[in-house]
Amino acid sequence: MNLEPPSGMELITEPDILASIDDLPTEDDLPCDDGEPMDTPRHQEQMILLIQSLKAYWSARTNYFVGGNMFLYYDPRNRWKVRGPDFFVVLDVEDRERKSWIVWEEGMRFPDVIIELLSDTTREIDKGDKKTIYERIFRTPEYYLYDPLSHEFLGYQLEKNRYRPVEPDTEGRVYSPSLELYLVVRDGWLRWMTPAGDLLPTPMELAEQQRQRAEQERQRAEQERQRAARAEELLARYKERFGELD
């Protein structure tokens, strides 16, 4: 994402002592999109998979925000300091749609988990400058990097204010303490997995599961109808042969 101020707008630096939080720009005042697509369609699909499968799994929860490829403004003294994580989750916040994530509108809340999708154009900054910012300024507890094309997968978790590498277990999984889920690469896609070992379904997979369950229910109902019809037929034949039952 383009992280420079929009054309025609000057860099505005706030004084060290802010007069009031009300004087700061809101999500309605600041740009929320640079209009640039992600590197490849697969990067876009990977981001959507991570977001939508988590939303479906947490459909009953209302105390989190998950977003991706959107501006994240993080310094009230310099309103053009902005990052654009490919995927991030913030826990224990108001459940509402947002144009951008602006920390001074969110009680200075930063993401609990960030995932960047590596590409040839972003690899260096994702592993360098962004990692430093997420570690030292955001203090984001978990930072993961995944390349949807080469399938490179790296994980870092904050320990004593510094990121330490996290190695996948023998099944290739990395546990996310914040989300209480695993991240795992399956068939070339980075997926969420429950502690029980079940992949979180995508919306399409969830719809297919629901269709299969509905079909199974229809088949069971049809089997019950056929059993009832056979029972009625046998009873009718009995009555015809032996008369009414006492």
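A residue counts as buried when its relative accessible area is under 20%. Keep that cut-off in mind as you click around this predicted model.

**Stop 1: Arg173**

Select Arg173, which sits in strand 10, residues 173-176. Is Arg173 buried or exposed? Its relative accessibility is 13%, so Arg173 counts as buried. Now show what surrounds Arg173: setting aside residues up to four places away in sequence, Arg173 touches Glu167, Pro168, Tyr182, Leu183, Val184 and Met193.

**Stop 2: helix 1 and His43**

Next, select residues 41-57, which make up helix 1. Try your viewer's distance tool on the end C-alpha atoms of helix 1: they are 24 Å apart. That agrees with what you should expect, because 17 residues at 1.5 Å a residue should span 24 Å. (The sum uses one less than the number of residues.)

Colour the buried residues of helix 1 and you'll pick out His43, Gln46, Met47, Leu49, Leu50, Ile51, Ser53 and Leu54.

Stay with His43 for a moment. At 1% relative accessibility, His43 counts as buried. Which residues is His43 in contact with, leaving aside neighbours within four places in sequence? They are Met38, Leu117, Leu118, Ser119, Pro148 and Leu149. Take Ser119 from that list: Ser119 and His43 are 76 residues apart in sequence, yet 8.7 Å apart in space from C-alpha to C-alpha.

**Stop 3: the aromatic rings**

Time for some rings. How many aromatic pairs does the structure hold? There are 15. One of them is Tyr74 with Phe138, an edge-to-face pair with 5.1 Å from centre to centre and 65 degrees between the planes. Tyr74 lies in the loop between strand 2 (72-73) and strand 3 (82-83), while Phe138 belongs to helix 3 (residues 129-138), so this pair ties together parts that are 64 residues apart in sequence. Both Tyr74 and Phe138 are buried.

Now widen your selection to Tyr74, Phe110, Tyr134, Phe138, Tyr143, Tyr156 and Tyr163. Ring pairs link these residues into a cluster.

**Stop 4: out to the surface**

Finish on helix 4, residues 203-242, and find Leu235 there. Leu235 has 38% relative accessibility, which means it counts as partly exposed. Add Tyr238 and Phe242 to your selection: with Leu235 they form a nonpolar patch on the surface. Turn on the surface display to see the patch, whose three residues have about 310 Å² of accessible area together.

Conventions. Residues are numbered from 1 along each chain as its sequence is written. This is a predicted model: local features need pLDDT of at least 70, side-chain atom pairs count only at pLDDT 80 or more; totals for chains, interfaces and linings use all residues. Side-chain values use heavy atoms; hydrogens and water are left out. Patches are made of residues with over 30% relative accessible area and no salt bridge: like charges are joined within 9 Å, nonpolar side chains (Val, Leu, Ile, Met, Phe, Trp, Tyr) within 5 Å. Accessible areas come from the Shrake-Rupley method with a 1.4 Å probe; for residues, only the protein chains shown count as cover. A salt bridge is a side-chain nitrogen of Lys or Arg within 4 Å of a carboxyl oxygen of Asp or Glu. Helices (H or I, at least four residues) and strands (E, at least two) are DSSP runs, numbered from the N terminus. Buried means under 20% relative accessible area, exposed over 50%, partly exposed in between (1.4 Å probe, protein chains only). Contact means heavy atoms within 4.5 Å. Rings of Phe, Tyr and Trp (its six-membered ring) pair if their centres lie within 6.5 Å; planes under 30 degrees apart count as stacked, over 60 as edge-to-face and the rest as tilted.
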